[in-house]
Amino acid sequence: MKFKRLVKSLVLSTIFLTSPAAFAELKIGFVQVDKILQEAPQTIESNKKLEKEFSARTDKLKADVKSLKDKEAAFAKDALTMKESERDNKEKSLSQLRVDVQRKERELREDINIRRNEELGGLQEQINKAVTSVAKAESFDLVLYNGVAYASEKIDITDKILKSLGKK
């Protein structure tokens, strides 16, 4: 019985004596990914690239929407003077045109989202490399991303990561 107590005492004293020293050496950093995604030069470049890539389709869609609105306005103006059969044909035509414009808009949105996700994947890879590079260069033992309840400003290395991303 005394032996077990002695072993427990030795184990506990070893834990208490070595733990503070081990934790005193621990260097922790924190990264705000949202801030990086907003401010990184690669994000701005990626947004410009996507805007350029989809500008022709976006402009075409805007022209189609304007054309649809003009046709709807003309129909509303002339509907009272049209024959019933002509009015029905125009309504069906406008309805089909409206469906086509909505389909094009949905397809454009989906294509933009797919490309944005592809670009974001590449950016996330660059961010991870930059975090690893800064962490190794400055001897961090642990670097945390968002999802932390509290992080002091002195362990926030987000600006260092942004600076690292800006070099590329």
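**Notebook: contacts, helix α4 and two cores**

I began with contact range: among contacts in the protein chain with a separation of 6 or more, 83% are between residues 24 or more positions apart. The model is predicted, and I read every entry below with that in mind.

**Overall layout.** I counted five helices and two strands in the protein chain. Along the sequence I read the order as α-β-α-α-α-β-α. The chain has 168 residues, and 21% of them count as buried. For the accessible surface I noted about 12,800 Å², with 56% of this belonging to carbon and sulfur atoms.

**Helix α4.** I checked the span of α4, which covers residues 84-137. Its 54 residues should span 80 Å at 1.5 Å a residue, and I found the end C-alpha atoms 78 Å apart, so the two agree. I then looked up which residues of α4 are buried; among them are Leu94, Val101, Leu108, Ile112, Arg115 and Glu119. Further along α4, the buried residues include Leu123, Ile127, Ala130, Val131, Val134 and Ala135. For the spacing I recalled that an α-helix has 3.6 residues a turn, so residues three or four places apart point the same way.

**Glu119.** Is this residue of α4 buried or exposed? Glu119 has 19% relative accessibility, and I record it as buried because the cut-off is under 20%. Leaving aside neighbours within four places in sequence, I found Glu119 in contact with Ser46, Lys49 and Leu50.

**After α4.** I followed the chain into the loop between α4 and β2, where Ser139 is found. Ser139 is not a glycine, yet its phi is positive, about 60°. I noted for comparison that most residues other than glycine have a negative phi. Ser139 counts as exposed, at 51% relative accessibility.

Phe140 is found in the loop between α4 and β2 as well. I list Phe140 as buried, with a relative accessible area of 14%. Which residues does Phe140 touch, not counting those up to four places away in sequence? I found Lys27, Ile28, Gly29, Val134, Ala135 and Ile157. I also looked up the C-alpha to C-alpha distance from Phe140 to Ile28: 5.8 Å in space, with their positions 112 residues apart in sequence. Val134 and Ala135, which Phe140 touches, are among the buried residues of α4.

**Cores.** I looked next at the largest nonpolar core, which has 14 residues. The members that touch the most other members are Val31, Ile36, Ile127, Ile157, Ile161 and Leu165. Two elements, α4 and α5, give two or more residues to this core. α4 gives the most, with six residues.

I took Leu165 as one of these members and listed its contacts, not counting residues up to four places away in sequence. Leu165 touches Ile36, Ala40, Pro41, Gln42, Gln126, Ile127 and Ala130. I found a second, separate core of eleven residues, which includes Leu50, Phe54, Leu94 and Leu108. Leu50 is also one of the contacts of Glu119.

**Surface patch.** Finally I looked for nonpolar residues on the surface. Leu142, Leu144 and Val148 form a nonpolar patch there, with about 190 Å² of accessible area together. Val148 lies in the loop between β2 (142-144) and α5 (158-167). I record Val148 as partly exposed because its relative accessibility is 31%.

Terms used: Residues are numbered from 1 along each chain as its sequence is written. This is a predicted model: local features need pLDDT of at least 70, side-chain atom pairs count only at pLDDT 80 or more; totals for chains, interfaces and linings use all residues. Side-chain values use heavy atoms; hydrogens and water are left out. Helices (H or I, at least four residues) and strands (E, at least two) are DSSP runs, numbered from the N terminus. The expected span of a helix is 1.5 Å times one less than its number of residues. Buried means under 20% relative accessible area, exposed over 50%, partly exposed in between (1.4 Å probe, protein chains only). Patches are made of residues with over 30% relative accessible area and no salt bridge: like charges are joined within 9 Å, nonpolar side chains (Val, Leu, Ile, Met, Phe, Trp, Tyr) within 5 Å. Accessible areas come from the Shrake-Rupley method with a 1.4 Å probe; for residues, only the protein chains shown count as cover. A salt bridge is a side-chain nitrogen of Lys or Arg within 4 Å of a carboxyl oxygen of Asp or Glu. Contact means heavy atoms within 4.5 Å. A nonpolar core is a set of buried Ala, Val, Leu, Ile, Met, Phe, Trp, Tyr and Cys residues joined through side-chain atoms within 4.5 Å.
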